[in-house]
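Got the viewer open? Let's take a quick walk through this one, stop by stop.

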Amino acid sequence: MKTKKIILLTGSVRSGKSGFALKLADKIGGKIAFLATCAPKDKEMKERIKLHKKSRPKTWQTVEAYKDLAAAIKKTKLKADVIIIDCMTLYVSNLMALNKNAKTIINDVSKIMETIIKNNLSAIIVTNEVGWGIVPANKLARNFRDMAGKVNQLMAKQSDEVYIMISGIPLKLK
């Protein structure tokens, strides 16, 4: 097992982040847990989740963590050396759907990062860059874009390595 570290993977949708996360986890080795933040709310999303599950080795533990990710990390700690969180932007969306305010969301993400560090886990965190397009026309979309950017900055600051994925190619930023 290599030195524990936190790796943040960011990029646009379908840029190859999840596949790269799986490869990095295999490279780190040990017992691996996948923390899935996507709630299967419709048929199309259920199909996406099914395909994602097929791409992971059956020996990996999968934990559904839609709203209390820090608690899920604590529970997983005894069973895993490496955790993959996929994905933080969906997690932020889940919290916003529960009417959590910006301060609560930032505190929640800070708690997640503290839990990873305190429990001496290697973590690979997948997130999306959502602010490279036009300014959204509605307030909720602007709030989501802004919150995702703040969360990404917080996680990048505390990560040992940060990659951006572009067309399936990882570019190391930190």
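The tour goes from two single residues to two pockets, all in a predicted model.

**Stop one: leucine 24.** Select helix H1, residues 17-28, and pick out leucine 24 inside that helix. With a relative accessible area of 10%, leucine 24 is buried. Now show what surrounds the side chain: beyond residues up to four places away in sequence, leucine 24 touches Ile7, Leu9 and Ile124. For a long-range link, draw a distance from the C-alpha of leucine 24 to that of alanine 123; you should get 10.0 Å, for residues 99 apart along the chain.

**Stop two: threonine 115.** Move to helix H5, residues 102-118, where threonine 115 sits. Threonine 115 has 5% relative accessibility, so it counts as buried, the cut-off being under 20%. Setting aside neighbours within four places in sequence, its contacts are Ala70, Ile73 and Lys74.

**Stop three: the largest pocket.** Turn on the pocket surface: the largest one holds about 740 Å³ of space. Select Arg14, Ser18, His52, Asp86 and Leu90, the closest to its centre among 29 lining residues. H1, strand S2 (32-36), helix H2 (43-54) and helix H4 (88-97) each put at least two residues into this lining, and H2 gives the most, six. Colour by class and you'll find 13 nonpolar, nine polar and seven charged residues in the lining.

**Stop four: the second largest pocket.** This pocket has about 170 Å³ of space. H5 and helix H6 (139-158) are the elements giving two or more residues to its lining, with H6 in the lead at five. Among the lining residues to select are Met96, Lys100, Ile105, Leu140 and Asp146. By class, this lining has five nonpolar, three polar and three charged residues.

Methods
Residues numbered from 1 in each chain as written. Predicted model: local features only at pLDDT ≥ 70, side-chain atom pairs only at ≥ 80, totals over all residues. Heavy atoms only, no water. Helix = DSSP H or I, 4+ residues; strand = E, 2+ residues; numbered from the N terminus. Buried < 20%, exposed > 50% of the residue type's maximum accessible area, 1.4 Å probe, protein only. Contact = heavy atoms within 4.5 Å. 1 Å grid on protein atoms, 1.4 Å probe; cavity = no way out; pocket = protein on both sides within 12 Å on 5 of 7 lines; lining within 4 Å. Points joined across faces, edges and corners; volume = space filled by probe spheres on them. Nonpolar A, V, L, I, M, F, W, Y, C, P; charged D, E, K, R; others polar.
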